[in-house]
Amino acid sequence: MTSMESETRSRSVSIADDIEFRCAGIPGKYSGEINEDGKPHGNGSFVRDNGGTPLTYRGTWRDGERVGEGGYYAVGGRHLGNVVWD
């Protein structure tokens, strides 16, 4: 288990499904683990409208910010690419 996973599991988390959320100022819906403040924290996905076509980011979150590794996916689950956040 990495230190990020340990830190994520040491805090109280709940599961959310399609809650309104803004990621880097972009509106969309988040599904996954959230912390006691209602912010994405742990594993989850964020779906935003990308000019009429949904774009999904799946990865690890800490206190509402993307951290670690994640990936972007198009409609139908087609993988578009990976990213690594500090």
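These legends accompany close-up views of a predicted model.

**View 1. The whole chain, from helix to strands.** One helix and six strands make up the secondary structure of the chain. From the N terminus on, the order of elements is α-β-β-β-β-β-β. The chain has 86 residues, and 35% of them are buried. Its accessible surface is about 5,300 Å². Carbon and sulfur atoms account for 47% of that surface. Of the contacts between residues at least 6 apart in sequence, 18% link residues at least 24 apart.

**View 2. The hairpin of E1 and E2.** Strand E1 covers residues 14–23, and strand E2 covers residues 26–34. The two run antiparallel and are joined by eight bridges. Cys23 has Ile26 in E2 as its bridge partner. Two residues lie between the strands of this hairpin. Ala24 takes a positive phi there, near 55 degrees.

**View 3. A salt bridge between Glu20 and Lys29.** The salt bridge count is one. Glu20 and Lys29 form a salt bridge, and their closest N and O atoms are 3.0 Å apart. The partners sit at separate levels of accessibility. Glu20 counts as exposed because its relative accessibility is 60%, above the 50% cut-off. Lys29 has a relative accessible area of 34%, so Lys29 is partly exposed.

**View 4. From E2 across to E3.** E2 and E3 pair in the antiparallel sense, with five bridges. One of the residue pairs here is Ser31 with Ser45, its bridge partner in E3. The hairpin of E2 and E3 has five residues between the strands. In the turn, Gly38 has a positive phi of about 80 degrees.

**View 5. The surroundings of Ser45.** Ser45 belongs to strand E3. Its relative accessible area is 18%, so Ser45 is buried; the cut-off is under 20%. Beyond its neighbours within four places in sequence, Ser45 contacts Lys29, Tyr30 and Ser31. On that same basis, Thr56, Tyr57, Arg58 and Trp61 are also in contact with Ser45. Among these contacts, Ser31 is also linked to Ser45 as a bridge partner.

**View 6. Arg48 and its contacts.** Arg48 also lies in strand E3. Arg48 counts as partly exposed because its relative accessibility is 24%. Gly28 is 20 residues from Arg48 along the chain, and their C-alpha atoms are 4.4 Å apart. Setting aside neighbours within four places in sequence, Arg48 touches Ile26, Pro27 and Gly28. Thr53, Pro54 and Leu55 are in contact with Arg48 as well.

**View 7. The hairpin of E3 and E4.** Strand E3 spans residues 40–50, and strand E4 spans residues 53–62. Nine bridges hold this antiparallel pair together. Gly44 is matched with Gly59, its bridge partner in E4. The hairpin has two residues between its strands. Gly51, in the turn, has a positive phi of about 65 degrees.

**View 8. The hairpin of E4 and E5.** Strand E5 covers residues 65–73 and pairs with E4 in the antiparallel sense. Seven bridges are found between E4 and E5. Thr60 has Val67 as its bridge partner in E5. Two residues separate the strands in this hairpin. Asp63 takes a positive phi near 50 degrees.

How values were computed. Residues are numbered from 1 along each chain as its sequence is written. This is a predicted model: local features need pLDDT of at least 70, side-chain atom pairs count only at pLDDT 80 or more; totals for chains, interfaces and linings use all residues. Side-chain values use heavy atoms; hydrogens and water are left out. A salt bridge is a side-chain nitrogen of Lys or Arg within 4 Å of a carboxyl oxygen of Asp or Glu. Buried means under 20% relative accessible area, exposed over 50%, partly exposed in between (1.4 Å probe, protein chains only). Two strands pair if DSSP finds at least two bridges between them. Helices (H or I, at least four residues) and strands (E, at least two) are DSSP runs, numbered from the N terminus. Contact means heavy atoms within 4.5 Å. Accessible areas come from the Shrake-Rupley method with a 1.4 Å probe; for residues, only the protein chains shown count as cover.
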